[in-house]
Every structure is written in structure tokens, then in C-alpha cells.
Amino acid sequence: MSESAVAELSRETAGLIELEHSLGAHNYKPLDVVLTRGERVWVWDVEGRRYLDCLSAYSAVNQGHCHPRILAAMVEQAGKLTLTSRAFRNDQLPLFYEELAALTNSHKILPMNSGAEAVESAVKAVRKWGYEVKGVPEGQAEIIVCSDNFHGRTIGIVGFSTDPDARGGFGPFAPGFRVVPFGDAEAFEAAITPNTVAFLVEPIQGEAGVMIPPAGYFRRVRDLCTANNVTLIFDEIQTGLGRTGKLLAEEHEGVVADVTLIGKALSGGFYPVSAVLSNSEVLGVLKPGQHGSTFGGNPLACAVARAALKALTEEGMIENSAVQGEYFKTQLQGIRSNMVREVRGRGLMLAVELHPEAGGARRACEALRARGVLAKDTHGHTIRIAPPLVITRDEVDWALEQIEPVLTGGA
Ligand SMILES: *Cc1c(COP(=O)(O)O)cnc(C)c1O
């Protein structure tokens, strides 16, 4: 950031930013707001200014910041037992399995930590399933993915990204992935071979700018997967757990995936917890010693996730996401602005795409920040709006009062 911009900040804020800049790797370009506290949909910076969080840590904080119920579960479990490794059993993991399986109709669950680890774990499981169950010749398994996908940042995953920033300079990459356009069932069908073991796809592409595929796409994909014995893997790490107004975004499409990946809000933002959910056939191929994680399934993670799921389902957050999301979207669509190209989204996973000549989404996000709304630009011209699912109608109205002048050029 420029020196004049630093000069406008308080000494404390500027000092913290300078420290971060000088010592940290520059793999992010955050807005220059230094947050120190959060509660529900609100966060406060070190100077005491309050902001409405319209990013929710990329949907990890769906339950709202520092949810008291999750906090209490975390503190209690932290004082009892945090980590045993899977060399021994712990008393939280079976209950986590039981509650998550009942909620999602899953038969088998693999607990991991980050979202990327859940994706990697699914890739490993479906490849092994391909060899042992489908009968694909060893070393020939193929996985189909979509252009503009976002599945995380490991070498395995960025190898099948189509984003030059995500993959450039990081090769060589693992073979065995084919890329097809998102939303194009014919292209998907054409890419299937006898060696195809899985189709890995986001129900709504989040990082790509909240891209919703054409109606009927996933039904056709589901039929093609079934007909060709291909595992359908939905990456619901961002779309899942209430973000789109349903527990899982697949419910909007009327399809059921074979493997579902969740993460982010699985802990309500307290701790990295992810999971692979599947039927018995796919995860059943993993035998002792073939996959693992020191922290995966630890009692602290399980206690936090159990509380996070209870908060989400018992406090009406999924319904609230549907109701407030629909209202928020309708009101945004009603803003008369020649800057806006499209408002889209489902539930509280919303995006405002600006015309290329509107000055860029980053500039709009800076203007929103000045008015007390934190949102994130993506792909240059799209502003993502995804507040915690506990947002009230009054808070949506307050957000709209801040957003409208920015979108109409008045701020
Ligand atoms: C965030 C995200 C991931 C990666 O999760 P991490 O916890 O950052 O590794 C994977 N897939 C989708 C769709 C995501 O939004």
C-alpha cells in the first residue's frame, strides 16, 4: 500500500500493518483494517471502529463471530482433553460421527482439518475406489474438474486449477485430471472415459464469483455419473452448512452427491475442522495406515464441531439465511445503478458484479469499508456479500444503506 495511505492511519494501525508487511509473506492483499474483536455479524478494529462483516471469513463464520455456545464448548473441551492422535480413541469423535451422519445422511465420515485436506483425501479415496472397485487399470484413474474451480492451495489441487495465479510457477503437477467448462453437461459427458473415477465440482463456484450453473445441469450430471459409474464429489466447503439457505447446496438441485466435502463453518470459525462424507463404498477402501492426520478427529475439533452444528441447526440459521438472503438479493437488485451488471446468489451467498468500466470491485470494497461494511472483491469486478447467517432484517437494511451510495457513485 502507498505511504500516503499509511500516513492516514493511526500509529497503532500503521505499526501493525508495517510489522505484518515486513515479516510476513505477501501472499494476501488484505484491506487495511486491523481487527481485534468480533461478535455475531460485527467486528471491531484496533481503533474501536465497528464494521459489518460481509465476508464471514469465506463462510467459515456462518454462525457469527465468537458464538457463545461454540466458545463454551471449546473452552470446556480445551480444559479436559485436546489431542490424543488417532493412535488412541477419544470420547468426542464417535458423537461427532453420529450427529454429523444423522444430519447429512452419510454412512461414512473421514475427519480432517483444512478444506484442502478434505479435497486431497477425497481424491485419494476415489482413486483407490477406482482401482479396487470400478476396476480401472493401476495408475490410469482420471478425475474430471471444472474450469474456474477453487478447491484449495496444495500442490495436488492447484495442479488442476485454471487460475494462472494459483498454479503459475508451482509445477510440475500430478497427472490424472481433466478440465471441462462449468455448467456444460455435454462437455462433461464427452470427457468421461472408462477410466473416469470421479467428477469434483462446487455446486456454486464461490471464488469464481458466485457462479450458479444452468437449471438442470446437476440433474444431468448426476444421471451421467450414475450411468458411467463415476463418483460425484460436491465440494460444499463454502456452499455447505447453511450458506445458500439449505444445509447443503445440493438440495437446491434435487440431487445427492456420492461424496460431499465440508469444512469452514463446520467449526463456526473457531478451529480448522473439515470432513469427507460418503457412502460406505468409497471411504470403505481406506484401510489402517493408508491415510491419516495427526490432528484429524481430535477431541477439541469434534467438541467444537458438534457445538457449531447444533448452533447452526437449532438456532434457525439455515432458515434465516434463506429469508434474509432472498430479501437482501431482491433489495440489491432494486438498486438503480449503471455500475451494476448483475446481482446473483442463493441464500446469503451473494455477489454484485460491476461493469468493467465501474472502477473495479476493490475500489468499491474500499468505499464500503469507509462506511463500515467489510466485503471482498473477487476477479476484479465482483463484490462478494456473505454475512454471518445470524444477520437480522435491520442489519440487512443497515448494510443496504451503506451499499447503495457506493453502487450509485455517491460514495
Ligand atoms: C475455502 C475452500 C477450500 C479450501 O479450504 P481451506 O480450509 O482454505 O483449505 C476448498 N474448496 C472450496 C469450495 C473453498 O471455498
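Visitor: In which helix is the place of Leu19?

Guide: This is a predicted model. Leu19 joins Leu16 and Leu23 in a nonpolar surface patch of about 310 Å². The helix that holds Leu19 covers residues 11-23, and its label is H2.

Visitor: Which residue has a polar side-chain atom 2.7 Å from a nitrogen atom of the ligand?

Guide: The residues around the ligand include Ser114, Phe150, Asp235 and Lys264. By class, this shell has 3 nonpolar, 5 polar and 3 charged residues. The polar side-chain atom at 2.7 Å from the ligand nitrogen belongs to Asp235.

Visitor: How much of the accessible area of the ligand does the protein cover?

Guide: A backbone N or O atom of Ala116 lies 2.8 Å from an oxygen atom of the ligand. A polar side-chain atom of Gln238 also lies 2.8 Å from a ligand oxygen. On its own the ligand has 380 Å² of accessible area, and the share covered by the protein is 80%.

Visitor: How many residues apart are Arg40 and Glu395?

Guide: Arg40 and Glu395 form a salt bridge, with the closest N and O atoms 2.9 Å apart. Arg40 sits in the loop between strands S1 and S2, while Glu395 belongs to helix H16. The pair therefore links distant parts of the chain, and the separation in residues is 355.

Visitor: Is Glu395 buried or partly exposed?

Guide: The cut-off for buried is under 20% relative accessible area. Its partner Arg40 has 30%, so Arg40 is partly exposed. Glu395 has 11%, so Glu395 is buried.

Visitor: Why are Glu366 and Arg369 separated by about one helical turn?

Guide: The side chains of Glu366 and Arg369 meet in a salt bridge, 3.2 Å from N to O. Glu366 is partly exposed, at 28% relative accessible area. Both residues are in helix H15, and they are about one turn apart because their spacing along that helix is 3 residues.

Visitor: What is the distance between the closest N and O atoms of Glu39 and Arg37?

Guide: Glu39 is partly exposed at 43% relative accessibility, and Arg37 is partly exposed at 44%. These two residues form a salt bridge, and their closest N and O atoms are separated by 4.0 Å.

Visitor: How many salt bridges does a search of the whole structure find?

Guide: Side chains of opposite charge can pair when their charged atoms come close. One network of salt bridges links Arg341, Glu342, Arg344 and Glu353. For the whole structure, the number of salt bridges found is 21.

Visitor: Which peptide bond is cis, with omega near 5°?

Guide: Most peptide bonds are trans. Pro172 lies in the loop between helix H8 and strand S6. The cis bond with omega near 5° is the one from Gly171 to Pro172.

Visitor: Where does Asn229 lie?

Guide: Asn229 is not a glycine, but it has a positive phi of about 55°. With a relative accessible area of 37%, Asn229 is partly exposed. Its place is the loop between helix H10 and strand S8.

Visitor: Is Leu241 buried or exposed?

Guide: Leu241 has a positive phi of about 55° although it is not a glycine. The residue is found in the loop between S8 and helix H11. Its relative accessibility is 2%, so Leu241 counts as buried.

Note on methods
Residues are numbered from 1 along each chain as its sequence is written. This is a predicted model: local features need pLDDT of at least 70, side-chain atom pairs count only at pLDDT 80 or more; totals for chains, interfaces and linings use all residues. Side-chain values use heavy atoms; hydrogens and water are left out. Patches are made of residues with over 30% relative accessible area and no salt bridge: like charges are joined within 9 Å, nonpolar side chains (Val, Leu, Ile, Met, Phe, Trp, Tyr) within 5 Å. Accessible areas come from the Shrake-Rupley method with a 1.4 Å probe; for residues, only the protein chains shown count as cover. Helices (H or I, at least four residues) and strands (E, at least two) are DSSP runs, numbered from the N terminus. A residue is near a molecule or strand if one of its heavy atoms lies within 4 Å of it. A polar contact is a pair of N or O atoms within 3.5 Å; within protein, one must be able to donate a hydrogen and the other to accept it, and residues adjacent in sequence count only if both atoms are side-chain atoms. Ala, Val, Leu, Ile, Met, Phe, Trp, Tyr, Cys and Pro count as nonpolar, Asp, Glu, Lys and Arg as charged, and the others, Gly among them, as polar. Buried means under 20% relative accessible area, exposed over 50%, partly exposed in between (1.4 Å probe, protein chains only).
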